[in-house]
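Q: Hi! Could you walk me through this structure, bit by bit?

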Amino acid sequence: GRTPTRRFASEPGFDAYDTEQFNVGWLFEHQFNDTWKVRQSFRNTVSSVDYKSLYPNVYGDRRGDSFIDPEQQTADRIFYVNKPRMRTLLADQNLEGKLNWGRTEHTVIVGMDYSRYRQTSQTAGGAGSPLNLYHPVYGNAPEYELADDPKIKQQQLGFYAQDQIKFDKNWILLAGIRRDRADSTTDGQDKETDFATTKRFGLMYAADNGWSPYVSYSESFTPIAGADFYDQRWKPMRGKQWELGLKYMPPEGGLEATAAIYDLREKNRQVPDPSNPNNQVQTGKTNTRGVELEFRGRVTKQMDVIANYIYTDIDPALEGVPKHMASLWSKYRFAGA
């Protein structure tokens with residue numbers, strides 16, 4: 001028969017997902033004059049997770065059959081415990097200049113950022129006691145001993161430069177370039193170093209009546225710390241995206257509307273492993289196309305509305321990514337006495 005949807009297949013008091021996080025940091029900015037400005041930001045984060053789960057073993061049989069008796073009532077169970085502790089340091093510093101050359105206005109940014117990630121963890125896992133899903137008898141939580149996992153270290157250093165150019169009053173051109181170096185180390189393995197140069201470009205025509213068509217191109221490089229369930233090191237995720245859109249912001253203000261279509265191509269994206277719930281695998285390549293519509297406006301003196309709709313088409317399809325998504329928000333400001 002059908003297993004009741006209310007059936008709890010673990011043990012009372014065993015499952016857990018508890019997290020703790022502590023952050024400290026600062027934001028610094030100094031304006032030298034009307035032309036030059038310097039910024040510096042820093043954040044240090046310490047976080048920990050206590051994760052425990054016990055569930056039917058539906059992964060050992062391709063049919064998804066986890067029952068161990070002919071009546072198909074008693075399911076074998078497995079458990080997994082993971083207690084990672086992460087430390088992350090992020091620092092970004094840049095210099096911004098506003099310059100006029102001939103008929104053009106420039107906003108130039110040059111900077112450097114640095115990130116460092118450290119992770120230690122303990123895990124345990126194995127076979128749990130069977131459970132009759134139709135007549136469960138609890139009280140058989142697994143006993144386990146935690147084992148230390150290899151320590152994971154990653155650091156990334158990036159240099160970037162960008163120029164936003166405004167010319168002939170209505171045209172805006174954006175051009176940027178970035179160079180990254182990422183070092184990843186797992187205890188017991190050789191250090192792995194990745195380099196990447198990424199670019200971004202954008203062109204917009206800001207008409208006097210509030211209409212602004214634009215086109216943009218950007219590239220991404222995202223190192224992923226650590227390794228999978230089988231200690232295979234993650235490869236950096238890379239992406240390229242084209243976007244074409246139209247914005248509307250009337251001169252009198254009060255509302256904003258945006259419509260955009262995009263094409264995003266990525267490789268090495270992490271997705272759930274169909275054969276192991278505690279693991280992820282990296283896809284070869286994914287192609288995402290979509291449409292995004294958004295409206296923000298003040299409908300009365302005291303009420304704002306934010307509405308958006310997103311259509312997403314991914315090949316291959318990814319779990320957890322909806323094809324259609326929409327939302328509607330309203331904000332009301334009460335008048336003071």
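What follows is a chat about strands, a few residues and a surface patch.

A: Happy to! This is a predicted model, where local features need pLDDT of at least 70, side-chain atom pairs count only at pLDDT 80 or more, and totals for chains, interfaces and linings use all residues. Residues are numbered from 1 along each chain as its sequence is written, and side-chain values use heavy atoms, with hydrogens and water left out.

Q: Cool. Which strand does S4 join, and over how many bridges?

A: Strand S4 (residues 104–132) is joined to strand S6 (residues 152–167) by 16 bridges, and the two run antiparallel. Strands here are DSSP runs of E with at least two residues, numbered from the N terminus, and two strands pair if DSSP finds at least two bridges between them. One example is Glu105, whose bridge partner in S6 is Lys166.

Q: And what about S6 and S7?

A: S6 pairs with strand S7 (residues 171–186) in the antiparallel sense, over 16 bridges. Leu157 stands opposite Arg181 in S7. S6 and S7 form a hairpin with three residues between them, and Asp168 in the turn has a positive phi of about 50°.

Q: New topic: where is Val110, and what is it in contact with?

A: Val110 is found in strand S4. Leaving aside neighbours within four places in sequence, Val110 is in contact (heavy atoms within 4.5 Å) with Asn94, Leu95, Tyr160 and Ala161.

Q: Is Val110 buried or exposed?

A: In between: Val110 is partly exposed, because its relative accessible area is 39%. Buried means under 20%, exposed over 50%, and partly exposed in between, using a 1.4 Å probe and protein chains only.

Q: How far apart are Val110 and Phe159?

A: They are 49 residues apart in sequence and 7.8 Å apart in space, C-alpha to C-alpha.

Q: Let's switch to Asp263. Buried or exposed?

A: Asp263 has a relative accessible area of 18%, so it counts as buried. Its place is in strand S11 (residues 255–267).

Q: What does the Asp263 side chain make a polar contact with?

A: With the side chain of Arg289, at 3.3 Å. A polar contact is a pair of N or O atoms within 3.5 Å; within protein, one must be able to donate a hydrogen and the other to accept it, and residues adjacent in sequence count only if both atoms are side-chain atoms. Not counting residues up to four places away in sequence, Asp263 also touches others, including Lys240, Trp242 and Asn287.

Terms used. Helices (H or I, at least four residues) and strands (E, at least two) are DSSP runs, numbered from the N terminus.
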